[in-house]
Every structure is written in C-alpha cells, then in structure tokens.
Amino acid sequence: MWDDAFPSFLIGLREGLEAGLIVSILVATLVRAEARSRLPQVWTGVLAAVAVAMSFGAVLTFTAASMPQTAQEAFGGTLSVIAVAFVTAMVFWMRRSARNLSGELKEKVTGALAMGSGMLILTSFLAVGREGLETALFLWTTARAAGESAGPLTGAAIGLVLAAGLCWGLYRRVLKINLTKFFTATGAVLIVIAAGVLGYGLRDLQEGGVLPGKSAYAVDLASSVDAGSWYSTLIQGVLNLTPTMTWLQVVAYVAYLAVVMTLFVRGVRTTGPKPAKERTERAPKAGRTERRRPVWVVPAAVVAVPAVIAGLVVALSRPKPAGDQTVAVSETACGKGFTAPKPGRQTFQMQNTGSKTSEVYLIDPSTSAVYGEIEGLAPGTTRDLVATVAGGTYAWRCVPTGGKAVTSKAVTVSGGGAATPVVPVSEQDLTGPLKAYRTYVEQGLDTLVGQTRTLDDDIEHNHLDKARTDWLTAHRTYASLGAAYGTFEDYDKKIDGRADGLPDGEQDKDFTGFLRLEYGLWHGQPAKDLTAPARQLATDAAGLRKAFPSQDFDPGDLPLRAHEILENTLQFELTGDTDEGSGTSLATADANLSGTRELLTVLRPLLTSRSPKLLPTVDADIARVQKLLDAAHDGNRWTPVGQLAQADRQRLNGATGQLLEDLAPIPDLLEIRKSA
C-alpha cells in the first residue's frame, strides 16, 4: 500500500502547494486591498474547482468500470498518456512561474475586483481548477496501475494536508520556503515517476489492441526476480517498472526520461529571476448597488451542477444491463424470458418460479462450458447472475434438487470481445486423479508406520540424538500427505495436534503426537518421559494406515487442497507458529510443497485442458519457492524461521504468496458442477 502511496503523496503535495499558494495570494491581495467582503467569492471559486475535480474523478471511475475489458485497457492507457502530458507541462510551467506567480496573480485579482463578483469567482476557479483536474487524472491513473485505491488516496490525502499546512504557514509568515528549489526538486522526481506512468499506459494500449507488440518483450525477468519481494513491490509501486516490459515500454521510458530530464535540467540552469510586473491596484467602483441573494445559493450551485452533470454522464455511458429482463427458472422450464444479450459484462435477474431449489448455469450448449452460475436458488427468490458475454451461443441449464437438468433454447450473440468459460468437471472426471492420489497416500502411510516405529525404538533405547534425526524424517513424511488431512478424521489431531487451547499447554496429558515429541526432544526431557508419547504415535500411525482405505475421500476435496496446503504453510510454518523447539518449520514447509506438487501431478491433465497457461506459471512459482527453501538448509540442518535474514524471509513469504495467488483459480476450474 505505502509504496503505491508515494507518487500520489508527491503529486498531492506539489499540486496542493501550487493551488494553495494561488489561493493564499488571492486572499492576501484582497485583504491588503481592504476587500475582505469579497473573500467568499474566492472560496466559492475554490469550491467549484474542487467539485469539478471530484466529479471528473467519479466519471473516470464509473464510466471505465462499465466498459469491456479491452476497452478499459485502451481507455486507461489513453488517460495515462494524457496524465503524463499534463504532469510534464505542469512541471515546466511551475519551474518558469514560481518566481513571478505572486505578481501575475495580483494583476488578475486587481482586474477582477473592478469587473464584479463573477470574474473574481472565475479567477479563483481557473487558478485552482487546473491543479484539481490534473490531480484527479493522475490519481486515477496511479490507482489503476496499483490495482487498488487505498494507497494512492491515502498518499494524496497526506500530501494535500501537508500542503495546506505549509500554505497556512507561508500566509501567516511563520515559514520560509525556497519555492524555486522545492519545485525544481519535486519536478525532477515527478519526471521519473511520469516516465513509469507512460510505460504503464503504453502497455495498457497494447493490451487493449490499440498498439502492436504486446508479446514483444525487451525485458522478461519473471523467472529470476521475486515479484512479491519488498524491493520489487517498491520499484513497481513508485516507478511502475515491472519484471516484464515490452520493447515499446522500454524505448518510450528511456526516450521520455532522456529528452524531458535534459530539457528540465537545462532550463533550471538558464532560467534567471524575472521582476514581477506591478500595476496600481484599482478599487471597486463606488456607487454600484448589487442585488442581494442568499449567500448559500452560489456555493450550493457550484457543487451541485458538476455533481449532477457527472451523474448524468455516468448514467448515460453505462450500457443497459441484460438484468432488466427477468429470466425464469423452474423444474419444468428454464430460461423463460431470455433473449440474446449484447456483448459485454451483463447482469441477469434469475427468478425461481418453481417449487424446488435449483442450480442455475449460463452455458455454451455445444460444450456445456459454464460462463456463470448460481448455487441454491430457492423457490420464490430472485438473485443476480453476472457474466461476461461475447460472440457465441448461450443457453440456460437448470438443475432442480432431486430432478433432471433442463436446458433452455439457445440464443446466438454476435459481436467481438472475449469471454472465458469453465469446462465443467464431473465426479467421473476426478475418479482417476483421486485413485492415483489415494495410492500415493497409502504408500506414504506405509512409510510413516515404519518411520514412527524406528522413532519409538530410538527413544526406548535412549538414543535421543538419533531420535531427533528420525523425528524430522517421519514428520516430513506426514507433512507431505497434506491433501488427505480432511479424511484422517481424529487421527490428524492425535498425530500432529498442537498444544494451543489445551488447559496445560505443552504439559497437558492430551498433548500427543509429533509436536509433543518435538517439545520433549528439544527441551531436554529424558527418554523415560518420552517413551509413552512415542509408542502412542507409532500406534496411531498404524491405526491410520489400517483405517484409511475405508475412509471417505470426497473427490471435490482434491482441487480445494491445492490451495489450502500452502495457505496453512504461510500461516503456520513460515511464521514459526508450530515450532516446538526443533527450528525445522522450513523443513515442514518443504514437505508441504512436495505434497502440493504431487497433488498437481494427478490434477495436471484436467488443468491443462481447462487453463493451459496456469500450470507453467505455477511450476515457475514452485521452482522459485523450492530454490529459496533449498538455500535454508544444509543436509538435515535447517535454518529456523526466526534466524532468516529479513530480506530472505520477505522473499520467501512473497514467493509463497504469489504461488498461492496463482493456485487460487484451481478450485473454481475443477469444481464439480451438476450441469456437466
């Protein structure tokens, strides 16, 4: 978040100070001209400028959200380029004008005083409005580049508040700032940031199909640079430099930086002070009487008018949703009222008019691929189903509880765009992967039984050094069976349960299994105190092996476990939360990674046919995490999590987090759907 906040903080500080200085000079000029009664006109103009800027931001946000994905990319890229142009012009203008700003504004205010309230409002509006529009546009582009708005908005807010404080200090003459040096320094930094925004905008235009070369990469460091590390996140957030960049991005970035920075630095060296023009201030004409109106009318109007216009623009720019038509669902009819929608993101109002709860799917009738779904639509209820529609054939499939599936008449949608359906998975599809994985678990349990017996024998004969080595071997075997934990029932708590929540913690009589032995072996407990827990562990492992073939293993659990194993690893092992003294949490994480790899092996055929690009990405992520774990041990000696260098720990957490993010689509891709 904070790395994304810096560019917005800088633009908020700079633009806020620029606008604040203008307002301060306007106010000071009126006060010195003994025209305090005209101050509300200045604030009205400022209020109007703020309202227009906020309305402009709302229009950008909501109109872009209603566009198809490719149009969003093109729209965002275009505005990014425009934002770069605005920021560049602002940097050069302020470098030239900082010395003479006060004199020029005094001139304008003096003229406005003689021409009435409307001109004074217009003067303050124009003086502040440009900075407001530039800030809104730059904030929108940086939030889009960051993928979230909290950081950019927070940074901008801090910058604006700080700018307001500085302007107050300057106005009250309690602060002295060399504005020329300030705008020069911030201008140089903004040029570097703008170069990154330009590269990001051009990439958006390539993704939107406006510019060619989106696959022509000049830089591709995705396999060697950890995208989740602190330094990578900082560089991407502040400079918009990414591990993969196209030739167009790189050339534009270098060219912009070389040309604009050279001109800026050259201008700083050659620009000299210019005397401000002074004119005799003219007082307002005497004798003029103005019709009085309520003081709130103009301020209210300048806020309301931009907001109303922005609302109309947003409303008129949004396509009419397909959800305006109600689609009926029942056990005898499905899709009644359905007509061919327009391409794009659509919302359908699904109403169950039958007497049974139903699953509802928007499908491609030729392949049964699913574009959208609602689970458990109860009788008499209406719920929205949101799906992206492109050119192709569509139909509704309704599966009532205890009844047969009903498919509607197909409709054809003409037009372009891209919509990616999910090919449904049945229990039959998962039968083969489940059988293969059960075989893997049974073999692992066979190994576990032998290893726990060896561990029991070590402790019985007081070979505690050997017991520590054999404990780690056996525990890693158990950890590699992570996808089957849900079928182990009470055995998992007995074999690998934690002391958390037990009344006496590690000393509690119900604390058993691997972690109980770990605590004793690495806290100096004698063999006689560990004999009973070791024997119990061997007994429980043998009991699990005997019970496993008859235990229920839901095939739908396999896709879920692909994500959950490493989710628990990130929460427990990589925090050291489960360490009872051995310092081998990373060894357990390594075993969890092996278990995930084995699970993906049996699911690979199903995933390859549904998302060809997913597995290569995941494989690269796994290799990155494996490399980091390999660096943390030498033979059986593992570096405790708490002793990892801060940078190494952040790198490992970032790589694991990225792997989790890339594994996240698997449960949806391989969800068992009744429409299959």
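Partly exposed describes a residue whose relative accessible area lies between the buried range, under 20%, and the exposed range, over 50%. In this predicted model, that definition places Asp577, at 42% relative accessibility, among the partly exposed residues.

## Salt bridges

Side chains of opposite charge can pair when their charged atoms come close. The count of salt bridges in the model comes to 16, and three of them are set out here, beginning with the one that involves Asp577.

| Acidic residue | Basic residue | Closest N and O atoms |
|---|---|---|
| Asp577 | Arg498 | 2.4 Å |
| Glu460 | Arg535 | 3.3 Å |
| Asp456 | Arg535 | 3.6 Å |

Asp577 forms a salt bridge with Arg498, with the closest N and O atoms 2.4 Å apart. This pair links distant parts of the chain, since Asp577 sits in the loop between α16 (557-571) and α17 (585-610), while Arg498 sits in the loop between α13 (491-496) and α14 (514-521), 79 residues apart. Arg498, with a relative accessible area of 29%, is partly exposed, and Asp577 is likewise partly exposed at 42%.

Asp456 forms a salt bridge with Arg535, at 3.6 Å between the closest N and O atoms. Asp456 belongs to helix α11 (residues 427-460) and Arg535 to helix α15 (residues 527-547), so this pair ties together parts that are 79 residues apart in sequence. Is Asp456 buried or exposed? At 11% relative accessibility, Asp456 counts as buried, because the cut-off for burial is set at under 20%. Arg535, at 39%, counts as partly exposed.

The side chain of Arg535 also meets that of Glu460 in a salt bridge, at 3.3 Å from N to O. Here too the pair links distant parts of the chain, with Glu460 in helix α11 and Arg535 in helix α15, 75 residues apart. Glu460 has a relative accessibility of 46% and counts as partly exposed. Asp456, Glu460 and Arg535 are thus linked in a network of salt bridges.

## Strands and their pairing

How many residues of strand β6 (residues 358-364) are buried? The strand is mostly covered, with 7 of its 7 residues buried. Ser358, Val360, Leu362 and Asp364 point one way from β6, whereas Glu359, Tyr361 and Ile363 point the other way, and all are buried.

On the side of strand β7 (residues 369-377), β6 pairs in the antiparallel sense over 6 bridges, and Ile363 has Val370 as its bridge partner in β7. The two strands form a hairpin with 4 residues between them, and in the turn Ser368 has a positive phi of about 65°. With strand β9 (residues 392-400), β6 again pairs in the antiparallel sense over 6 bridges, and the bridge partner of Ser358 in β9 is Pro400.

Strand β5 (residues 344-352) is also paired with two strands described here. With strand β3 (residues 326-329), β5 pairs in the parallel sense over 4 bridges, and Gln351 in β5 is the bridge partner of Ala328. With strand β8 (residues 382-389), β5 is joined by 8 bridges and runs antiparallel; in this pairing Gln349 stands opposite Asp384 in β8.

## Two buried threonines

Thr246 lies in strand β2 (residues 244-246) and, at 0% relative accessibility, counts as buried. Its side chain is joined to that of Gln206 by a polar contact of 3.0 Å. Beyond its neighbours within four places in sequence, Thr246 is in contact with Arg203, Gln206, Gly213, Lys214, Ala216, Tyr217 and Ala218.

Thr588 is found in helix α17 and, with a relative accessibility of 7%, counts as buried. How far apart are Thr588 and Arg476 in sequence and in space? The two residues are separated by 112 residues in sequence, and their C-alpha atoms are 5.7 Å apart. Leaving aside neighbours within four places in sequence, the contacts of Thr588 are with His475, Ala479 and Glu573.

How values were computed
Residues numbered from 1 in each chain as written. Predicted model: local features only at pLDDT ≥ 70, side-chain atom pairs only at ≥ 80, totals over all residues. Heavy atoms only, no water. Salt bridge = Lys/Arg side-chain N within 4 Å of Asp/Glu carboxyl O. Buried < 20%, exposed > 50% of the residue type's maximum accessible area, 1.4 Å probe, protein only. Pairing = 2+ DSSP bridges. Polar contact = N/O pair within 3.5 Å; in protein donor to acceptor, adjacent residues only side chain to side chain. Contact = heavy atoms within 4.5 Å.
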